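Biologist: I am new to this structure and would be grateful for a close look at one part, its salt bridges, together with the elements that carry them. How many salt bridges does the structure hold?

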Amino acid sequence: MSDSATNDGDGAATGGPASGPGEGTRAVRAGLPEPVKHEPTLPGPVFAAHFHLPGDPTGPYTYGRDENPTWTHLERAIGELEAPGRTDVETLVFASGMAAISSVLFSQLRAGDTAVLPDDGYQALPLVRAQLEAYGIEVRTAPTGRDAQLDVLDGAKLLWIETPSNPGLDVCDVQRLAEAAHARGALVAVDNTLATPLGQRPLELGADFSVASGTKQLTGHGDVLLGYVAGRDAEAMTAVRRWRKIVGAIPGPMEAWLAHRSIATLQLRVDRQDATALKVAEALRGRPEVTGLRYPGLPEDPSHKIASQQMRRYGSVVSFTLPSRARADRFLDALHLVEGATSFGGVRSTAERRGRWGGDAVPEGFIRLSVGAEDPDDLVADLLRALDETAG
Ligand SMILES: Cc1ncc(COP(=O)(O)O)c(C=O)c1O
């Protein structure tokens with residue numbers, strides 16, 4: 001692992017021997033049941049719509065929309081990474097990140113309540129906003145950077161934070177915002193998708209919920225849709241669980257098992273990908289055609305100061321802008337090692353011109369690059385070659 005892959009100098013602790021097993025050890029063992037002779041280390045997916053249930057319907061496993069043993073193992077694994085050593089945190093898995101996000105917002109808010117959302121977050125949030133407003137919930141938005149959400153907190157019931165934000169990669173001070181929100185009686189949820197639980201632990205920073213799309217770097221192979229909510233408020237989590245039951249946005253057992261299998265390599269992948277992301281950002285910053293370069297791990301990045309205090313790794317996404325839409329499209333076409341695709345966090349690098357979706361407030365030449373697990377030198381060479389070939 002490169003020194004720069006893990007923020008073990010000026011910022012948050014990496015979780016080594018002083019605080020129990022290290023992160024790699026915890027990741028490979030996360031959520032595993034006690035060994036049973038002749039049984040596999042990680043039990044296979046349990047495909048069951050219902051479970052044998054004669055007599056009184058007592059749990060834990062009754063009906064497949066409510067519980068499944070494969071989810072139980074995965075929920076333990078995610079909980080051990082989001083909240084190591086804590087027994088007061090409950091984790092629930094969902095069919096997708098959006099299912100997880102919706103479960104928090106729609107289970108906690110009622111008509112007449114006010115929610116504060118970021119105005120620069122994941123591009124489905126405006127759709128969520130419209131739905132909340134249709135249910136009579138007031139929604140205020142403010143940018144992630146410079147903790148601007150602080151200014152619109154008065155009277156809010158719930159604060160939704162996305163840090164680093166997607167795709168702009170701004171970072172806000174979770175602890176500061178959570179204290180201000182709690183002082184006003186508001187719950188705090190953090191979208192932890194981009195950082196992963198090995199990048200930051202929102203619950204330790206004071207959030208009530210850490211919510212994420214497991215579709216991205218948590219599972220990392222671009223083959224699973226998944227989401228989760230980890231929360232420390234038992235009553236709030238009961239409502240989230242009830243929401244999952246009534247909406248039925250549950251992951252399939254195969255997806256849950258694949259996700260758990262992927263978590264064993266999470267530390268390997270984030271260390272590799274995040275270290276390469278920094279190298280890529282360093283290589284791009286010298287290029288005259290690149291503007292608006294963002295990576296929270298770059299010392300000169302506007303997000304670096306707060307990121308270095310609350311994050312242990314800076315993520316695998318780099319964003320930047322090329323002079324025009326045409327140049328950006330030519331550049332993306334010229335890449336050999338970077339697939340044109342949306343999403344991020346996978347072992348194979350992907351990139352896209354974000355403006356093609358129309359939802360984000362970004363320039364036409366804005367590119368979101370997700371750095372994969374390729375050899376760093378190969379990737380940097382491919383990016384620089386594509387820039388050279390499409391110049392002029
Ligand atoms: C920050 C963030 N949160 C949530 C989501 C939604 O996740 P999913 O696609 O798994 O529903 C995404 C998807 O890109 C995302 O980038």
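Modeller: A salt bridge is counted where a side-chain nitrogen of Lys or Arg lies within 4 Å of a carboxyl oxygen of Asp or Glu. By that criterion the structure holds 30 salt bridges. The model is a predicted one, in which local features need pLDDT of at least 70 and side-chain atom pairs count only at pLDDT 80 or more, whereas totals for chains, interfaces and linings use all residues. Residues are numbered from 1 along each chain as its sequence is written, and side-chain values use heavy atoms, with hydrogens and water left out.

One such pair is Arg244 with Glu75, whose side chains meet at 3.0 Å, N to O. This salt bridge links distant parts of the chain: Arg244 belongs to helix H6 (residues 234–247) and Glu75 to helix H2, 169 residues apart. Helices (H or I, at least four residues) and strands (E, at least two) are DSSP runs, numbered from the N terminus. Both ends of the pair are buried, Arg244 with a relative accessible area of 2% and Glu75 with 8%. Here buried means under 20% relative accessible area, exposed over 50%, and partly exposed in between (1.4 Å probe, protein chains only).

Helix H2 leads on to a sheet. This is an open sheet of seven strands in the order S1-S7-S6-S5-S4-S2-S3, with mixed pairing; two strands pair if DSSP finds at least two bridges between them. Strand S1 (90–94) and strand S3 (138–142) stand at the edges with a single partner strand each, so one side of each has no neighbour in the sheet. S1 and strand S7 (residues 227–231) run antiparallel and are joined by five bridges, and within this pair Thr91 stands opposite Ala230. Helix H2 (residues 69–82) lies across S1, strand S6 (209–213) and S7, at about 125° to S1. Axes are lines fitted to C-alpha atoms, for helices over the stretch in contact (heavy atoms within 4.5 Å), and angles run from 0 to 180 degrees between N-to-C directions.

A second pair is Arg86 with Asp88, at 3.1 Å, N to O. Arg86 is partly exposed at 29% relative accessibility, and Asp88 is partly exposed at 44%.

A third salt bridge joins Glu364 to Arg353, with the closest N and O atoms 2.8 Å apart. It again links distant parts of the chain, eleven residues apart: Glu364 lies in the loop between S11 and S12, Arg353 in strand S11. Glu364 is partly exposed, at 42% relative accessible area, whereas Arg353 counts as buried at 4%. In addition, salt bridges that share partners join Glu352, Arg354, Arg356, Asp360 and Arg368 into one network.

S11 and S12 belong to another open sheet, of five strands, ordered S8-S9-S12-S11-S10 with mixed pairing. Its edge strands are S8 (291–294) and S10 (339–340), each pairing on one side only. Strand S9 (residues 317–321) runs antiparallel to strand S12 (residues 366–370), the two being joined by five bridges; the bridge partner of Thr321 in S12 is Phe366. Helix H8 (residues 266–284) packs on this sheet, touching S8, S9 and S12, and its direction makes about 15° with that of S9. Helix H10 (residues 325–334) also packs on the sheet, where it touches S9, strand S11 (350–353) and S12, its direction making about 160° with that of S11.
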